[in-house]
Amino acid sequence: MDLSFLNSRQLMKTSTPDIHITKTENSRINELDQENIQFGKMYGDHMLVCNYENGDWQEIEIKPFQNFSFSPATTFIHYGQAIFEGIKAYRTSSGEAVIFRAKDNWHRMNKSAARMDMPEIPEEIFLGGLKELLNLDKAWVPTTELASLYIRPFMVATEAFIGVRPSEKYMFSIITSPAGPYYSKPMSIYVQDKYVRAFKGGTGNIKAAGNYGMAMYPSHQVKNMGYNEILWTDGYEHKYVQEIGTMNVFFIIGDTVLTPDIEHDTILAGFTRDSVLTLLREKGMKIEERQISIDEIEEAYRAGELKEAFGTGTAASITRIAKLTYKDFEMEIPDIDNWATVNWLKKELADIRHCRKEDTRGWIFKV
């Protein structure tokens, strides 16, 4: 991965940091129903917190999950200097807890930090702290096949100052949440040709909080119309597809797998996306990463060549697209239960994440 975004602060490489740990006296693990886990409804017993001030990171703390207290003048509240990541931990058949591609998330969070003029997070805080947090809350990693422990690292600007400039104080934190499937069935997607998610030179290629806040109004609109998500298009012509909601998007046209390229700084370089591309290349499938117009997709559908379509992301994993609607034209892709490529990818990734297959690519981070 290109690390040219890193600034002059040196990243520390220690994997076993000194952490002040305060354990909860009242675990809530007995409230977790393993057979009925909803995304984002419950949170683990503990959280990690580390503050940045006077040009340096302070003591790392792990403490019981609790509310924060901020001044009404806190920078991130007013100016959105806030970033985050999404990671998942899985339970293996032997009962171990493992995390999928955590080091890649650390690198990407520092890319987001650089773009938002925030301090880099050292490896010993992000990965070392994450490992200690998961060791403490390992019981919160679900045991069922389709569930996982969603891990949310985030950083916000915490200086109490309402002048418009980068903050001089920051807080990095990690919380966890047991998660079931983000989408329980294939999606119905509306192609957006009015609102815009990202322009070249903006922040569409990082995980800045504002990217998601600005999408809520148009997303709410299409959900009221009966769709699950938006397929975003470019901001110049509303012609080239970008992302679906919070996911990267793939189309199989004929014998070729198509996905939008990430060369224009408008699309997040997702790790599920990268994992899918890696697996497909190893399988010998024909892949094209390039601009894809909605007209090309419609033409393929009319010709009977649009075989499969799906979204990829940490929260959603791999989710089928049952129907695309562009203006008044509906594209319902047939035989969805028998899509060979999606079915194979879902099984292959699940086997890797749950360690039923050997990790030959360095994707598994053991707790």
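The largest cavity in this predicted model encloses about 80 Å³ of space, where a cavity is a set of points, on a 1 Å grid over the protein atoms alone, at which a 1.4 Å probe fits but cannot get out, and where the volume is the space filled by probe spheres set on points joined across faces, edges and corners. By this rule the count comes to one cavity of 30 Å³ or more. Its lining, made up of residues with an atom within 4 Å of a point, includes Gly 86, Ile 87, Lys 88, Tyr 90, Phe 100, Arg 101 and Asn 105, together with Phe 271, Thr 272, Thr 314 and Arg 353. Strand β5 (87-91) and helix α6 (271-283) each supply at least two of the lining residues, and β5 gives the largest share, three residues; helices (H or I, at least four residues) and strands (E, at least two) are DSSP runs numbered from the N terminus.

Asn 105, part of that lining, also belongs to the contact between α2 and α3. The axes of α2 (residues 102-115) and α3 (residues 123-136) come within 10 Å and cross at roughly 145 degrees, the axes being lines fitted to C-alpha atoms over the stretch in contact and the angles running from 0 to 180 degrees between N-to-C directions. In α2, Ala 102, Lys 103, Asn 105, Trp 106 and Met 109 meet Glu 123, Phe 126, Leu 127 and Leu 130 of α3, with contact meaning heavy atoms within 4.5 Å.

Residues are numbered from 1 along each chain as its sequence is written. Local features need pLDDT of at least 70 and side-chain atom pairs count only at pLDDT 80 or more, whereas totals for chains, interfaces and linings use all residues, and side-chain values use heavy atoms, with hydrogens and water left out.

How values were computed
On a 1 Å grid over the protein atoms alone, a cavity is a set of points where a 1.4 Å probe fits but cannot get out, and a pocket is an open set with protein on both sides within 12 Å along at least five of seven lines; lining residues have an atom within 4 Å of a point.
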